Amino acid sequence: MSIPQRMRAEDLPPVVPVFAISGAILLPGGTMPLMVFEPRYLALTDDALGAGRLFALVQPREGEDGVAPGLYDTGCLGRITAFGETGDGRYLVTVAGLCRFRVSGEAEGRSGYRRVAADYGAYLGDLDGGDVGPVERRPLLAIVRTYLSGLGMATDLAQLEKAGDAELAIRLAMACPFSPEEKQVLLEASDHAERCRLMTAMIQKELLAETCSSSIH
């Protein structure tokens, strides 16, 4: 899951359009498929395709706190790596994560979508693609298997077991059905080792809660 067309720090855009999806994060080195159908995000995609294919994913949140009210303070810049149309007005895009950033302000919106000023300073290491582990993969994979089975989500972990440490951390953090708040914590984790420790703890907490609930009833 290498970062495509690696960017230099000086090429990072200071203002980015925002695609806001609750419960979804993009991590550097990861890829995400998106079905685009809202008019504002169709316009965002059109604009991004004509401007370096860049936009950011930032989770929405309740309340007016933060630099950009209604948005979390940390997001991830991504680049469109694949684009298609469905024939009924929707777009199918794949976006690859490049670099996280802190929201430092809000810029004037366009065509119904929001734009924010991005400060990449704390996350420039994302551009190097150097965080390759090691991570505590065995306990994580074991508890993920138990967790997903309990949710009725049959999954084949064979491919994940073959994945490198960085790919494992990225794919699980992006794909597992954690809450938006937990997803944000994973996005902001300092490295993949911390991200994997957090995921293991989150799943252990969820499994413990389910066990206590079952014993009460």
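User: Which cysteine sulfur is closest to the sulfur of C76, and how far away is it?

Analyst: Happy to start there, keeping in mind that this is a predicted model. A disulfide calls for two cysteine sulfur atoms within 2.5 Å. The gap here is too far for a bond, and C76 itself is buried at a relative accessible area of 0%. The closest sulfur belongs to C99, at 7.1 Å.

User: What is the nearest cysteine sulfur to C176, and at what distance?

Analyst: C176 is another cysteine that takes part in no disulfide. Its relative accessibility is 4%, so C176 counts as buried. The nearest cysteine sulfur is that of C196, and the distance is 10 Å.

User: How many disulfides does a search of the whole structure find?

Analyst: A disulfide is a covalent bond between the sulfur atoms of two cysteines. For C76, the closest candidate sulfur is too far away for such a bond, and C176 is in no disulfide either. Across the whole structure, the number found is zero.

User: Let's turn to the rings. Is the F19 and F55 pair stacked, tilted or edge-to-face?

Analyst: This pair belongs to a structure that holds five aromatic pairs. The ring centres of F19 and F55 are 5.9 Å apart, with 35° between the planes. Stacked needs planes under 30 degrees apart and edge-to-face over 60, so the label for 35° is tilted.

User: Where do F19 and F55 sit, and how many residues apart are they?

Analyst: Both rings are in buried residues: F19 has a relative accessible area of 6%, and F55 has 1%. F19 lies in strand 1 (residues 15-19) and F55 in strand 3 (residues 54-57). The pair thus links distant parts of the chain, and the separation is 36 residues.

User: What kind of pair do F101 and Y120 form?

Analyst: F101 is in strand 5, while Y120 is in the loop between strand 6 (113-119) and helix 2 (137-150), 19 residues apart. F101 is buried at 0% relative accessible area, and Y120 counts as buried at 7%. Their ring centres are 5.8 Å apart and the planes meet at 65°, so the pair is edge-to-face.

User: Which residues do ring pairs link into a cluster?

Analyst: Two members are already familiar, namely the tilted pair of F19 and F55. Ring pairs bring Y41 into the group as well. The cluster is F19, Y41 and F55.

User: Finally, how much accessible area does the nonpolar surface patch with L92 have?

Analyst: L92 is found in strand 5 (residues 91-110) and is partly exposed, at 41% relative accessible area. That passes the cut-off of over 30% for patch residues. With M35 and F37, L92 forms a patch whose accessible area together is about 290 Å².

Technical notes. Residues numbered from 1 in each chain as written. Predicted model: local features only at pLDDT ≥ 70, side-chain atom pairs only at ≥ 80, totals over all residues. Heavy atoms only, no water. Patch = residues over 30% accessible without salt bridge, like charges linked within 9 Å, V, L, I, M, F, W, Y side chains within 5 Å. Areas by Shrake-Rupley, 256 points an atom, 1.4 Å probe, with all protein chains shown as cover. Salt bridge = Lys/Arg side-chain N within 4 Å of Asp/Glu carboxyl O. Helix = DSSP H or I, 4+ residues; strand = E, 2+ residues; numbered from the N terminus. Buried < 20%, exposed > 50% of the residue type's maximum accessible area, 1.4 Å probe, protein only. Phe/Tyr/Trp six-rings, centres within 6.5 Å; stacked < 30°, edge-to-face > 60°.
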